[in-house]
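This report describes a protein assembly in terms of its charged pairs, one loop residue and one chain-to-chain contact. The sequence and structure are shown first.

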Number of protein chains: 4
Amino acid sequence: VESSWTKNNNEDVVGTITLVCNLESKELTERLRDLQRENRSSIISTVLVHLDHHNCLQVLIVRGESQRVKSMSDKLIGMKGVKHGQLTMSATGAELY
Amino acid sequence: VESSWTKNNNEDVVGTITLVCNLESKELTERLRDLQRENRSSIISTVLVHLDHHNCLQVLIVRGESQRVKSMSDKLIGMKGVKHGQLTMSATGAELY
Amino acid sequence: VESSWTKNNNEDVVGTITLVCNLESKELTERLRDLQRENRSSIISTVLVHLDHHNCLQVLIVRGESQRVKSMSDKLIGMKGVKHGQLTMSATGAELY
Amino acid sequence: VESSWTKNNNEDVVGTITLVCNLESKELTERLRDLQRENRSSIISTVLVHLDHHNCLQVLIVRGESQRVKSMSDKLIGMKGVKHGQLTMSATGAELY
């Protein structure tokens with residue numbers, strides 16, 4: 001799932017990747033950590049909220065080239081254990097003014 | 001703009017409201033503060049990132065009844081000075097398990 | 001290390017637990033996740049920022065009884081792999097007004 | 001109030017500025033916005049939690065030269081309407097490894 005206000009192919013964007021996932025799996029916990037570590041230049045902060053004993057909400061606040069952000073989002077949302085995921089992007093270029 | 005994985009009318013949801021807005025307007029700054037204060041029972045946290053001298057990203061992490069969340073989101077996104085806004089919701093009920 | 005504006009033994013507080021830690025250890029990653037999951041009623045949100053390939057900043061925004069918050073903080077700061085840790089608390093009671 | 005693990009005069013640090021403040025004052029709301037906008041290169045994200053109808057918690061996650069961070073913190077904590085404030089800093093240099 002992807003939602004976007006961007007038009008061009010690879011402009012600078014800012015946005016959020018919202019994930020609902022089951023952190024009981026050690027594998028998912030590690031894969032989320034590794035992917036965020038590798039992409040740390042595009043991730044401003046990640047906010048984590050534990051919803052219940054099984055599930056948590058992770059919100060990645062992202063900034064970077066749209067293609068890099070999309071690629072990272074696709075990998076995250078496709079991970080086993082991620083129940084819901086969604087990318088929101090907005091261009092940060094001249095059209096903002 | 002609205003994106004949702006929810007099916008029912010008024011179930012419990014968790015999600016994010018992502019806004020790009022111009023905080024130079026005193027009016028917008030105050031209206032954002034007032035609306036968030038009034039709806040604080042549905043807002044877990046708000047994360048703010050200043051993008052440049054004019055614009056900022058505000059990400060509201062929300063939890064509550066879907067109709068209340070939608071109504072709050074509509075008001076926020078419709079405010080003068082909000083350039084982009086998007087709501088992402090996920091049900092938190094039994095279907096998560 | 002602990003910093004506090006509270007006077008009484010077990011009043012309601014709000015505050016932050018700031019940790020700098022090395023997330024390369026699978027053990028630490030899991031222990032942090034488990035302790036946060038068990039104490040989720042006292043943790044509003046956790047914000048994570050990856051500092052470099054090895055280290056990350058975790059900021060837990062906490063609310064609850066001061067003794068419970070202190071006990072959680074002691075456990076977190078004492079974990080192997082946590083390089084720095086600090087608790088900041090403020091009472092939320094009548095004295096705020 | 002200041003808490004720090006840093007030793008040198010002006011090294012790179014990461015940390016948090018935790019504020020409890022009364023956002024009913026329009027003046028404070030605007031001064032907080034202005035100071036954060038001017039120092040946005042040192043502020044990774046600001047997290048806001050409304051505590052009750054009068055008070056909110058603001059947590060600024062900061063990174064930069066220690067003197068700049070301290071100066072910003074002093075200005076924030078000294079603002080009229082800020083009831084409690086505290087700076088936590090950790091060096092991000094070689095000693096972390």
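In chain A, the residues A:Arg33, A:Asp34 and A:Arg37 are linked in a network of salt bridges, a salt bridge being a side-chain nitrogen of Lys or Arg within 4 Å of a carboxyl oxygen of Asp or Glu. The model is predicted, so local features need pLDDT of at least 70 and side-chain atom pairs count only at pLDDT 80 or more, whereas totals for chains, interfaces and linings use all residues. Residues are numbered from 1 along each chain as its sequence is written, chains are lettered from A and ligands numbered from 1 in the order in which they are written, and side-chain values use heavy atoms, with hydrogens and water left out.

**Salt bridges**

Over all chains, the count comes to twelve salt bridges. Side chains of opposite charge can pair when their charged atoms come close. Three of the pairs are listed below with their N to O distances.

| Pair | Distance, N to O |
|---|---|
| C:Lys26 and A:Glu30 | 3.7 Å |
| A:Asp34 and A:Arg33 | 3.1 Å |
| C:Arg37 and C:Asp34 | 3.7 Å |

The pair of C:Lys26 and A:Glu30 joins two chains, because C:Lys26 lies in helix 1 (residues 26–38) of chain C and A:Glu30 in helix 1 (residues 26–38) of chain A. Helices here are DSSP runs of H or I with at least four residues, and strands are runs of E with at least two, numbered from the N terminus. C:Lys26 is partly exposed, at 49% relative accessible area, whereas A:Glu30 is buried at 17%. These classes use a 1.4 Å probe and protein chains only: buried means under 20% relative accessible area, exposed over 50%, and partly exposed in between.

Within chain A, A:Asp34 is partly exposed at 25%, and its partner A:Arg33 is buried at 9%. In chain C, C:Arg37 and C:Asp34 are three residues apart in helix 1, and so are separated by about one helical turn. C:Arg37 is buried, with a relative accessibility of 12%, while C:Asp34 is partly exposed at 25%.

**A loop residue of chain A**

A:Met79 belongs to the loop between helix 2 (66–77) and strand 5 (82–91) of chain A. A:Met79 is buried, at 9% relative accessible area. Beyond its neighbours within four places in sequence, A:Met79 is in contact with A:Leu28, A:Arg31, A:Leu32 and A:Leu35, contact meaning heavy atoms within 4.5 Å. A:Leu35 is 44 residues from A:Met79 along the chain, and their C-alpha atoms are separated by 11 Å.

**The contact between chains B and A**

Chain B is superposed on chain A by a rotation of 180° with 0.0 Å of shift along its axis (RMSD 0.0 Å); the fit is by least squares on the C-alpha atoms of residues with pLDDT of at least 70 in both. That is the relation of a two-fold axis. The same surface serves both copies, since 100% of the contact residues of chain B recur in chain A. Each chain is represented in the contact, with 27 residues from chain B and 27 residues from chain A.

The two chains bury about 2,600 Å² between them, 67% of it on carbon and sulfur atoms; buried area is the accessible area (1.4 Å probe) that two parts lose on being put together, summed over both. Between chain B and chain A the count is zero salt bridges.
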